[in-house]
Amino acid sequence: PMSLLFSESSTRFVVEASPGVGPSLSEEFRRSGIPAVQIGTVAQGSRVKISSGGHDVIDATTDELRHAWKSPLA
């Protein structure tokens, strides 16, 4: 999971699509031979939850994540 979250390998893109478009977008990538995976959905609230292999990797509020990101720089 850490490699998936923090890898800085080149030529990775994040595509945001409206709800319901995901299946057709995934099919278009598949037909084009472009590997693609859905990494999440947008939901109401201020919580970020990232799962991998059925296990939560990150489950925290945006305030907790902001603090974790900024604290080494303080």
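**Close-ups of a 74-residue chain**

Among contacts (heavy atoms within 4.5 Å) in the chain between residues at least 6 apart in sequence, 22% join residues at least 24 apart. What you're looking at is a predicted model, where local features need pLDDT of at least 70 and side-chain atom pairs count only at pLDDT 80 or more, while totals for chains, interfaces and linings use all residues. Residues are numbered from 1 along each chain as its sequence is written, and side-chain values use heavy atoms, leaving out hydrogens and water.

**View 1. The whole chain: three helices and two strands.** The chain has 3 helices and 2 strands (DSSP runs numbered from the N terminus: helices are H or I, at least four residues, and strands are E, at least two). Walk along the sequence and you meet them in the order α-α-β-β-α. Lined up on its principal axes, the chain has C-alpha atoms that fill a box of roughly 45 × 30 × 20 Å. Its radius of gyration is 15 Å, against near 11 Å for a compact globule of 74 residues (taken over C-alpha atoms; the globule rule is 2.2 Å times the number of residues to the power 0.38). As for burial, 3% of the 74 residues count as buried (under 20% relative accessible area; exposed is over 50%, and partly exposed in between, with a 1.4 Å probe and protein chains only).

**View 2. The hairpin of β1 and β2.** Here strand β1, residues 47-52, runs antiparallel to strand β2, residues 55-61, and 6 bridges join the two (strands pair if DSSP finds at least two bridges between them). Go along β1 and you can pick out partners across the way: V48 stands opposite A60 in β2, and S52 has H55 in β2 as its bridge partner. Only a short link is needed for the hairpin, with 2 residues between β1 and β2. Look for G53 in that turn, where phi is positive, at about 60°.

**View 3. The largest pocket and its lining.** This pocket holds about 1800 Å³ of space. A pocket is an open set of points on a 1 Å grid over the protein atoms alone where a 1.4 Å probe fits, with protein on both sides within 12 Å along at least five of seven lines; lining residues have an atom within 4 Å of a point. Points are joined across faces, edges and corners, and volume is the space filled by probe spheres set on them. There are 40 lining residues, and V14, V37, Q38, I39 and G40 are the ones nearest the centre. Helix α1 (2-6), helix α2 (22-31) and strand β1 each chip in at least two residues of the lining. Strand β1 gives the largest share, with 6 residues.

**View 4. S7, between two helices.** S7 sits in the loop between α1 and α2. Setting aside neighbours within four places in sequence, S7 touches M2 and R12. With a relative accessible area of 29%, S7 is partly exposed.

**View 5. G22, in helix α2.** G22 belongs to helix α2 and is partly exposed, at 28% relative accessibility. Now find Q38: G22 and Q38 are 16 residues apart in sequence, and their C-alpha atoms are 7.9 Å apart in space. Q38 also showed up in View 3, among the residues nearest the centre of the largest pocket.

**View 6. S32 and I34, in the loop before β1.** S32 lies in the loop between α2 and β1, and I34 lies in the loop between α2 and β1 too. S32 is partly exposed at 44% relative accessibility, and I34 is partly exposed at 42%. From S32 to R47 is 15 residues along the chain, with 34 Å between their C-alpha atoms. From I34 to V57 is 23 residues along the chain, with C-alpha atoms separated by 26 Å.
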